[in-house]
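Here's a quick briefing to read alongside the structure. Take a look at it, then work through the points below.

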Amino acid sequence: MSTSTETTAAATTAVETASEFDRDTAVTLRAPGVYDADLSAGWTIIQAVNGGYLLALLGRALGDHLPHPDPFTISAHYLTPSVPGPAVIRTETVRTGRTLSTGQASLFQYAEDGTEVERIRVLASYGDLDALADDVRTTATPPAFAPIENCFSAADNPAPRIPGSSAIADRLDLRLDPACVGWAVGAPSGKGEMRAWFGLADGRAPDALSLLLTVDALPPTSFELGLKGWTPTVELTTHVRCRPAPGPLRVSITTRNLAGGFLEEDAEVWDSADRLVAQSRQLARAPRG
């Protein structure tokens with residue numbers, strides 16, 4: 001039988017060896033349905049916390065709260081920009097069934113006067129990806145990608161970094177397709193396309209939770225449309241279709257319609273076994289500058 005000291009040491013070791021993504025999306029149960037979190041400055045774009053990171057954070061809280069382990073579909077409305085620092089997540093079970101459970105969650109931060117400000121609200125259905133049927137009937141095919149060794153990383157010149165401070169770039173292993181990096185050298189293609197090989201910089205293997213980050217982690221397609229600046233997400237819906245195989249992911253994002261100051265982004269995520277593991281659509285505000 002282990003002593004309490006051994007148990008504490010094991011827990012400490014687990015925290016120390018966890019990936020940066022897992023540490024920074026950790027939540028602590030304060031009361032039934034209420035979780036404390038700390039939004040890390042390591043996942044910011046310019047000054048705001050990345051929307052995919054926030055989605056994964058709430059996804060972890062809901063995965064703890066609901067009886068089913070895996071996100072199947074999660075829709076998020078981003079109400080106000082999130083900033084690094086303390087946050088509280090409140091979860092609620094909407095319905096529990098045999099194969100799916102549905103819940104909602106909101107993330108709050110604190111204004112200068114101490115009042116709570118809601119940052120993001122999500123509605124999600126969870127299930128068990130390991131219990132899915134093997135039957136697959138699809139016309140979807142992986143998009144054409146340049147080989148990973150021919151793609152551009154943040155260490156290459158030109159470095160495909162978002163203008164301004166972009167701490168999230170150091171957390172990711174992004175290899176952008178050469179056809180989608182014209183914006184980095186002042187020659188955007190004019191096409192609303194962004195493609196990249198994707199992984200986490202510390203080598204953590206992809207899973208259902210990290211897919212919630214993956215769909216919103218590439219530079220925005222607006223860069224290739226010749227627009228610079230922050231492209232804040234208004235709403236993001238993600239479908240997780242199966243558990244990804246180990247290895248780098250391929251992410252393809254397209255925009256067909258920028259109008260009235262808003263654009264849509266449709267994302268597909270493919271794993272190393274050529275399976276479509278996640279899909280998403282978001283509405284974002286186009287850069288104003």
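Tyr 53 has 0% relative accessibility, so this residue counts as buried. Keep in mind that this is a predicted model. Tyr 53 is also a handy way into the aromatic rings, since it shares one aromatic cluster with Phe 21 and Trp 43.

**Aromatic pairs**

- How many aromatic pairs does the structure hold? There are 4 of them.
- One of these is Trp 43 with Tyr 53, a stacked pair with 5.4 Å from centre to centre and 0 degrees between the planes.
- That pair links distant parts of the chain, 10 residues apart: Trp 43 sits in the loop between strand 2 (34-39) and strand 3 (44-45), while Tyr 53 belongs to helix 3 (residues 51-65).
- Trp 43 comes out at 1% relative accessibility, so Trp 43 counts as buried.
- Phe 145 and Trp 197 are an edge-to-face pair, because their planes stand at 80 degrees, with the ring centres 6.0 Å apart.
- Phe 145 is in the loop between strand 8 (116-127) and strand 9 (172-176), and Trp 197 is in strand 10 (residues 193-200), so this pair ties together parts that are 52 residues apart in sequence.
- Are these two rings' residues buried or exposed? Both Phe 145 and Trp 197 are buried.

**A charge over a ring**

- Arg 90 lies over the face of Phe 108, and the distance to the ring centre is 5.3 Å.

**The nonpolar core**

- In soluble globular proteins, nonpolar side chains tend to be buried together.
- Here, the largest nonpolar core has 59 residues.
- Which members touch the most others? They are Ile 89, Leu 107, Val 122, Leu 172, Phe 198 and Leu 213.
- Helix 3 gives the most to this core, contributing 8 residues.
- Leave out residues up to four places away in sequence, and Leu 107 still touches a long list, including Leu 39, Leu 54, Leu 57, Leu 58, Ile 89 and Ile 120.
- Not every neighbour on that list is nonpolar by name: Ser 82, Glu 118 and Arg 119 also touch Leu 107.

**Thr 238**

- You'll find Thr 238 in strand 11 (residues 233-240).
- Why does Thr 238 count as buried? Its relative accessibility is 0%, and buried means under 20%, so Thr 238 qualifies.
- Setting aside residues up to four places away in sequence, Thr 238 touches Leu 55, Phe 72, Thr 73, Ile 74, Leu 212, Val 215, Gln 279 and Ser 280.

Definitions and conventions:
Residues are numbered from 1 along each chain as its sequence is written. This is a predicted model: local features need pLDDT of at least 70, side-chain atom pairs count only at pLDDT 80 or more; totals for chains, interfaces and linings use all residues. Side-chain values use heavy atoms; hydrogens and water are left out. Helices (H or I, at least four residues) and strands (E, at least two) are DSSP runs, numbered from the N terminus. Buried means under 20% relative accessible area, exposed over 50%, partly exposed in between (1.4 Å probe, protein chains only). Contact means heavy atoms within 4.5 Å. Rings of Phe, Tyr and Trp (its six-membered ring) pair if their centres lie within 6.5 Å; planes under 30 degrees apart count as stacked, over 60 as edge-to-face and the rest as tilted. A charge sits over a ring if NZ of Lys or CZ of Arg is within 6 Å of the ring centre and within 35 degrees of the ring normal. A nonpolar core is a set of buried Ala, Val, Leu, Ile, Met, Phe, Trp, Tyr and Cys residues joined through side-chain atoms within 4.5 Å.
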